[in-house]
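Visitor: I have a model open on my screen and some labels I'd like explained. Can you take me through them?

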Amino acid sequence: MCSHCSSEKQNLYEHVQEAVAFLKNNISKVPTVGIICGSGLGSIADTLINPIFIRYEEVPHFPVAKVDGHEGRIVVGELNRRFAICMQGRAHYHDGYPLWKCTIPVRVMQGLGITHLIITNAVGAINPNYEVGDILIVKDHLDLMGLTGTSPISGLDDDRLGPKFLTVTDAYDKEMIKVAKLTAEKLGITDIVREGALTCVGGPCFETVTECRMLRLLGVDAVGMSNVPEVIVARHCGLTVLSFCLVTNMGNLDHESCEAISHASVIDVGARRSEVIKKFVEGIVQNI
Ligand SMILES: O=P(O)(O)O[C@@H]1C[C@H](O)[C@@H](CO)O1
């Protein structure tokens with residue numbers, strides 16, 4: 001049976017409920033804020049006080065993270081007077097999971113009680129004015145995968161999960177963006193904070209020069225291999241979303257100056273920016 005019509009997909013709602021029930025048995029309080037950490041950004045979870053750790057493998061129906069720099073565990077704990085749940089790493093489409101499966105953690109966090117979700121990832125900059133180490137607050141996306149027929153919400157046919165059709169023009173919550181920008185001002189980091197449009201590709205190849213040029217023509221500021229599907233699912237189940245990315249490399253827009261991109265360097269940039277990113281997330285959570 002293919003991944004689009006598998007019995008696992010048909011039973012998605014029940015499976016999410018099973019994961020929620022499992023976690024409720026292991027967590028003492030209701031989390032109100034969720035965070036998903038991208039490549040090299042797992043240290044965000046270090047901001048949680050009195051943490052409890054649960055490995056993805058333990059949670060029924062959870063997709064397991066397969067990429068280096070993705071710890072593959074849930075961390076729950078206090079964060080600025082809130083109880084937060086953090087996904088320290090994610091499963092990707094290029095790991096071999098269909099998008100409805102990659103995004104199960106979003107539905108599970110919603111089932112546990114979160115109202116706000118902060119989604120992060122590592123990206124390559126397509127906007128030539130960006131620099132490595134910049135933080136991109138996402139205000140819109142180009143859902144290339146969805147436009148070409150691979151959406152995390154297609155074929156679910158279950159009103160309990162969310163509506164069949166979805167408006168995502170308002171996906172990136174304006175209040176959350178305001179809070180993120182104010183936080184950047186308070187931290188004195190506005191020089192490295194950008195606002196723009198993200199696209200998600202299937203990967204795992206980093207983009208060619210021609211692909212980067214195409215994305216630039218399409219109005220995209222950065223390209224990653226995650227985040228957008230999670231935003232779509234978060235909106236599908238009614239969550240308020242903030243999405244931001246760490247620019248870990250420049251997309252190659254020119255054959256002459258073309259540089260090889262490695263996953264190791266992506267993780268390295270995340271590690272170098274970890275203190276700033278932690279303060280950024282703490283400040284945001286304090287003000288939502
Ligand atoms: O989890 P994210 O999207 O941050 O991971 C990025 C995309 C690829 O999985 C990998 C490339 O280095 O990092």
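**Around the ligand**

Guide: Sure. By class, the shell around the ligand holds four nonpolar, eight polar and one charged residues. Keep in mind that this is a predicted model, where local features need pLDDT of at least 70, side-chain atom pairs count only at pLDDT 80 or more, and totals for chains, interfaces and linings use all residues. Residues are numbered from 1 along each chain as its sequence is written, and side-chain values use heavy atoms, leaving out hydrogens and water.

Visitor: What makes a residue one of those that surround the ligand?

Guide: One of its heavy atoms has to lie within 4 Å of the ligand. 13 residues surround the ligand, and the closest are Ser39, His92, His94, Ser226 and His263.

Visitor: What makes the pair between His92 and the ligand a polar contact?

Guide: A polar contact is a pair of N or O atoms within 3.5 Å. A polar side-chain atom of His92 sits 2.7 Å from a ligand oxygen atom, so the pair counts as a polar contact. For His70, a polar side-chain atom is 3.4 Å from an oxygen atom of the ligand, so that pair counts too.

**Two helices**

Visitor: Why is H2 called oblique to H4?

Guide: Helix H2 (residues 12–26) and helix H4 (residues 104–112) pack at about 60°, their axes 9 Å apart. Angles under 35 degrees count as roughly parallel, over 145 as roughly antiparallel, 65 to 115 as roughly perpendicular and the rest as oblique. The angle belongs to the rest, so H2 is oblique to H4.

Terms used: Polar contact = N/O pair within 3.5 Å; in protein donor to acceptor, adjacent residues only side chain to side chain. Nonpolar A, V, L, I, M, F, W, Y, C, P; charged D, E, K, R; others polar. Axes fitted to C-alpha atoms, helices over the stretch in contact; angles between N-to-C directions. Helix = DSSP H or I, 4+ residues; strand = E, 2+ residues; numbered from the N terminus.
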